[in-house]
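Grab a coffee and open the viewer. Here are a few exercises to work through by eye, each with a solution you can check step by step.

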Amino acid sequence: MRTVQRSPDPFTSLAVALAEWPSLVQRVLAAHPARRSGNVCPGCSMPGGRTRISAPCGPRNVALLAQRIATRGQS
Ligand SMILES: [Zn+2]
């Protein structure tokens, strides 16, 4: 098991933890696409909801960082 280092910010800490779970990273990336018609993330928006989160969204950016951390850990 890889040692998880403490990161200075919560965004990076979450990405480090998520890097241990590749199947979840793939699910987050699939649910939160980089681009979508209307540029609204379907994973962050509720049908009929008023709040519109633009793509790429925060969860996608965390998953992308986790993917990079996981790849770096394998080399
Ligand atoms: Zn999203």
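Before starting, one cut-off: a residue is called exposed if 12 or fewer other C-beta atoms lie within 10 Å of its own, buried if 20 or more do, and partly exposed in between. Also keep in mind that this is a predicted model.

**Exercise 1. Get the overall layout: how many helices and strands are there in the protein chain?**

Step 1. Count the elements: the protein chain has three helices and zero strands.

Step 2. Read along the sequence, and the pattern comes out as α-α-α.

Step 3. Now look at burial. Of the 75 residues in the protein chain, 15% are buried.

Step 4. Finish with the contacts. Taking those with a separation of 6 or more, 46% are between residues 24 or more positions apart.

**Exercise 2. Work out which residues of α3 are buried and which are exposed on the other side.**

Step 1. Find the helix: α3 covers residues 58–74. Its 17 residues reach 25 Å from the first C-alpha to the last, close to the 24 Å expected at 1.5 Å a residue.

Step 2. Pick out the buried residues of α3, which are Val62, Ala63 and Ala66. They sit on the same side of α3, because they cover an arc of only 95° around the axis.

Step 3. A bit of helix geometry helps here. An α-helix has 3.6 residues a turn, so residues three or four places apart point the same way.

Step 4. Turn to the other side of α3, where Arg68, Thr71 and Arg72 are exposed. Check one of them: threonine 71 has 11 other C-beta atoms within 10 Å, so it counts as exposed.

Step 5. Ask what covers the buried residues of α3; the answer includes α1 (10–18) and α2.

**Exercise 3. Describe how α2 and α3 pack: what is the angle, and how far apart are the axes?**

Step 1. Two packed helices are described by the angle between their axes and the distance between the axes.

Step 2. For helix α2 (residues 22–31) and helix α3, the angle is about 145° and the axes are 9 Å apart.

Step 3. Add the handedness: α2 passes α3 in a left-handed crossing.

Step 4. List who makes the contact. From α2 come Pro22, Val25, Val28 and Leu29, while α3 supplies Pro59, Arg60, Ala63, Ala66, Gln67 and Ala70.

Step 5. Sort those residues by type, and you get eight nonpolar, one polar and one charged.

**Exercise 4. Zoom in on glutamine 67 and find out how far its C-alpha is from those of proline 22 and leucine 29.**

Step 1. Place the residues: glutamine 67 lies in helix α3, and proline 22 is in helix α2.

Step 2. Get their exposure. Glutamine 67 has 18 C-beta neighbours inside 10 Å, so it is partly exposed. Proline 22 has 13 other C-beta atoms within 10 Å, so it is partly exposed too.

Step 3. Proline 22 and glutamine 67 are 45 residues apart in sequence, yet 7.5 Å apart in space, C-alpha to C-alpha.

Step 4. Leucine 29 is 38 residues from glutamine 67 along the chain, and their C-alpha atoms are separated by 9.8 Å.

**Exercise 5. Hunt for backbone oddities in the loop between α2 and α3: where is the cis peptide bond, and what is phi of asparagine 39?**

Step 1. Know the usual picture: most residues other than glycine have a negative phi, and most peptide bonds are trans.

Step 2. The cis bond joins alanine 55 and proline 56, with omega about 0°. Proline 56 is in the loop between α2 and α3.

Step 3. Asparagine 39 is found in that loop between α2 and α3 as well. Its phi is near 55°, a positive value in a residue other than glycine.

Step 4. Check its surroundings: asparagine 39 has 11 C-beta neighbours inside 10 Å, so it counts as exposed.

Technical notes: Residues numbered from 1 in each chain as written. Predicted model: local features only at pLDDT ≥ 70, side-chain atom pairs only at ≥ 80, totals over all residues. Axes fitted to C-alpha atoms, helices over the stretch in contact; angles between N-to-C directions. Helix = DSSP H or I, 4+ residues; strand = E, 2+ residues; numbered from the N terminus. Left-handed = near helix turned anticlockwise from the far one by under 90°. Contact = placed C-beta atoms within 7 Å. Nonpolar A, V, L, I, M, F, W, Y, C, P; charged D, E, K, R; others polar. Expected span 1.5 Å × (residues − 1). Arc of directions from axis to C-beta.
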